[in-house]
Number of protein chains: 2
Amino acid sequence: MALSSEAIVDAGIRILDEYGLADVSMRRVADALGVQAGALYYHVPNKQSLLAAVSDEILRSVEVPSGANVAEWLTAWAGGLRRALLAHRDAAELVASAHALGLGAVDPCEGGRAILEARGVPEPDATMAALLHFVLGHVNEEQTTSQMVALGVIEESAHRAGEDHFAWGVTLLVRGVQTQAA
Amino acid sequence: MALSSEAIVDAGIRILDEYGLADVSMRRVADALGVQAGALYYHVPNKQSLLAAVSDEILRSVEVPSGANVAEWLTAWAGGLRRALLAHRDAAELVASAHALGLGAVDPCEGGRAILEARGVPEPDATMAALLHFVLGHVNEEQTTSQMVALGVIEESAHRAGEDHFAWGVTLLVRGVQTQAA
DNA sequence: ACCTGAACACCGTTCAAGT
DNA sequence: ACCTGAACACCGTTCAAGT
């Protein structure tokens, strides 16, 4: 079977899930495909773009909510994004850095911006960006602390607060969207 | 002059400011101090704790607002944190990862939690965490795009939207804090 | 106590050479 | 067209040996 960028991205996701982001190296991916590291550069320009492709793959798995009102839609979107990120080890860190660097073809805020604009909500761009930053930052912390718990470095009590804190942050932002300016 | 953990952290900050987080390696820090890389391990346990110490140093430079009401205090705090981060290259990424990993002795949310609790605002912990995640995520994006602008990869227009988007995100969260639950 | 020198096990990336 | 082999310039960390 010949090498392809799809196969390379798939191997990257497998290594990400099993060993974490730090172990997704060009050499490890090449090993998993039974090939020399240099061979990857025939199908992928560099490591950054490989990671961006993995990030895109994860973002494609986010379910688009079929929302009634804006508040419910945003809440469902944030929850769906969180679930998609929690499905892959270190996904929040990976997606956050790929997004900050402007790499990645998939824009997770696209649908949300359109809905906010259609309902006449002000600043759809900045609003979705704020929600995205909160979700990525929160899930990143969730994923690193859950790894600490797995390693026995931290107690599990700190871990359980994660879901409640997430819901509260989403509530604050959604309330802000619903509230008129003073 | 003998080596010390303070001198090592200072050298780390200088390299961070001049060359960015990717160039803060144990070997580069050692070079800047005219010493072998292995010598650092006599004063610092590993690279992670060195980066955490640099993160702490940056967080210590955040000015504590002398706020009137809660909304003004939170807005001033977010702005002050942003300014402190913008003062050092890649600071948001550095502080975010140090914070997510639970390293670092300085807790940037400490003062805010106390104030929220004193005013009877619910969920001070989750509220400050939400604000912190937004600020770190936003400034991280600001700093990476400003580097893209410096490299000529991106146009400057995208950069100028940063400050407005930041103010809007803070507004949403502060409105959420002020609004009663439904 | 504090630092050097050298090693170990890795990196990302490039590129002539093979098929 | 696609991949190997080998190299280049790096990493973090350890540790005997020196002073």
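The following paragraphs describe how two protein chains relate to each other and how they meet two DNA strands in a predicted model.

In this predicted model, local features need pLDDT of at least 70, side-chain atom pairs count only at pLDDT 80 or more, and totals for chains, interfaces and linings use all residues. Residues are numbered from 1 along each chain as its sequence is written, chains are lettered from A and ligands numbered from 1 in the order in which they are written, and side-chain values use heavy atoms, with hydrogens and water left out.

It is convenient to begin with the symmetry. A turn of 180° with a shift of 0.0 Å along the axis lays chain B on chain A, with an RMSD of 0.0 Å, the superposition being by least squares on the C-alpha atoms of residues with pLDDT of at least 70 in both copies. That is the relation of a two-fold axis. The same surface serves both copies, since 100% of the contact residues of chain B recur in chain A (contact means heavy atoms within 4.5 Å).

Turning to DNA strand D, 16 residues surround this strand, and Gln36(A), Tyr42(A), His43(A), Arg27(B) and Tyr41(B) come nearest (a residue is near a strand if one of its heavy atoms lies within 4 Å of it). Helix α2 of chain B (residues 26-32) gives the most to this surface, with 3 residues; helices here are DSSP runs of H or I with at least four residues, numbered from the N terminus. Sugar or phosphate supplies 60% of the atoms of DNA strand D within 4 Å of the protein, and bases supply the rest. Phosphate oxygens of DNA strand D lie 2.8 Å from a backbone N or O atom of Gln36(A), 3.5 Å from a polar side-chain atom of Tyr42(A) and 3.2 Å from a side-chain N or O atom of Ser25(B).

DNA strand C also has 16 residues around it, with Arg27(A), Tyr41(A), Gln36(B), Tyr42(B) and His43(B) nearest. Of its atoms that come within 4 Å of the protein, 60% are from sugar and phosphate. Here helix α2 of chain A (residues 26-32) gives the most to the surface, again with 3 residues. Base nitrogens of DNA strand C lie 2.4 Å from a polar side-chain atom of Arg27(A) and 3.4 Å from a side-chain N or O atom of Arg27(B). A polar backbone atom of Leu3(B), in turn, is 3.3 Å from a phosphate oxygen of this strand.

Methods: A polar contact is a pair of N or O atoms within 3.5 Å; within protein, one must be able to donate a hydrogen and the other to accept it, and residues adjacent in sequence count only if both atoms are side-chain atoms. Helices (H or I, at least four residues) and strands (E, at least two) are DSSP runs, numbered from the N terminus.
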